[in-house]
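Biologist: I would like a close look at a single part of this structure. Please pick one helix and follow it through its surroundings, in short steps.

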Amino acid sequence: MAVRNIVTLPDPVLRRKARTVTKFDKNLQILIDDLIETMREAPGVGLAAPQVGVLERVIVVQYAEPQEVEEGQEPIEVIPKLYVLVNPEIGKASPETVIGVEGCLSIPTLIGEVERAYSVRIKGLNRRGQPMKLKVERWLARIFQHEIDHLNGILFTERATQVWQPEEPSEELI
Ligand code: ZN
């Protein structure tokens with residue numbers, strides 16, 4: 001595994017559409033392992049292959065929704081789940097939307113308010129090429145929508161109602 005360089009704006013690769021993966025070979029496995037390591041090193045909670053300059057439809061996500069803790073209770077440590085999806089597609093999305101403040105590893109100087117579906121169904125393939133389906137909600141749904149946008153050359157700044165420079169670096173970059 002190796003940490004790859006994360007591509008940032010204005011690199012034009014971020015605006016291009018990624019290709020559908022057809023070969024589940026050694027190179028794909030190396031790419032996936034490198035994406036996982038690069039995301040963890042950044043650190044980020046999601047990464048799409050175009051963000052390391054590879055125009056293939058592959059994303060990795062690792063995130064755990066924060067648990068609500070009652071007063072006086074010890075917080076429970078949640079181990080974030082790792083998702084690897086090849087050729088992911090958004091299926092049914094909830095009509096309910098939420099506005100959230102997003103940042104992106106490829107746009108380090110800006111954050112912005114983006115409206116996204118509250119929950120989405122996702123289908124795609126796992127790293128061995130077997131079909132998989134997910135239903136995700138809340139922030140996890142936002143991460144998947146953001147990463148799948150990267151595969152289509154769309155950046156959050158194009159969807160944002162407003163963008164600004166953060167005073168402090170964001171913790172959950174995608
Ligand atoms: Zn991003």
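Modeller: Here is a walk along one helix, helix H2, and what lies around it.

This is a predicted model, in which local features need pLDDT of at least 70, side-chain atom pairs count only at pLDDT 80 or more, and totals for chains, interfaces and linings use all residues. Residues are numbered from 1 along each chain as its sequence is written, and side-chain values use heavy atoms, with hydrogens and water left out.

Start with the helix itself. H2 covers residues 138-151. Helices (H or I, at least four residues) and strands (E, at least two) are DSSP runs, numbered from the N terminus. The expected span of a helix is 1.5 Å times one less than its number of residues. For the 14 residues of H2 that gives 20 Å, and the end C-alpha atoms are 21 Å apart, which agrees. Just after H2, Gly 153 has a positive phi of about 75°.

Now its burial. Buried means under 20% relative accessible area, exposed over 50%, and partly exposed in between (1.4 Å probe, protein chains only). In H2, 12 of the 14 residues are buried, so the helix is largely enclosed by the rest of the structure. Among them are Leu 140, Ile 143, Phe 144 and Ile 148, but also Arg 142, Glu 147 and Asp 149.

Next, the core. A nonpolar core is a set of buried Ala, Val, Leu, Ile, Met, Phe, Trp, Tyr and Cys residues joined through side-chain atoms within 4.5 Å. The largest one has 30 residues, and Ile 122, Val 136, Leu 140 and Phe 144 touch the most other members. Elements giving two or more residues to this core include strand S6 (119-125), strand S7 (131-137) and H2. H2 gives the most, with 6 residues. Contact means heavy atoms within 4.5 Å. Leaving out residues up to four places away in sequence, Val 136 touches Ala 141 and Phe 144, as well as Tyr 118, Ser 119, Val 120 and Ile 122.

Last, the sheet. Two strands pair if DSSP finds at least two bridges between them. The open sheet has 5 strands in the order S1-S2-S3-S6-S7, with antiparallel pairing. S1 (46-48) and S7 are the edge strands, each pairing on one side only. S2 and S3 pair over 6 bridges. H2 packs on this sheet, touching S1, S2, S3, S6 and S7, and its direction makes about 160° with that of S2. Axes are lines fitted to C-alpha atoms, for helices over the stretch in contact, and angles run from 0 to 180 degrees between N-to-C directions.
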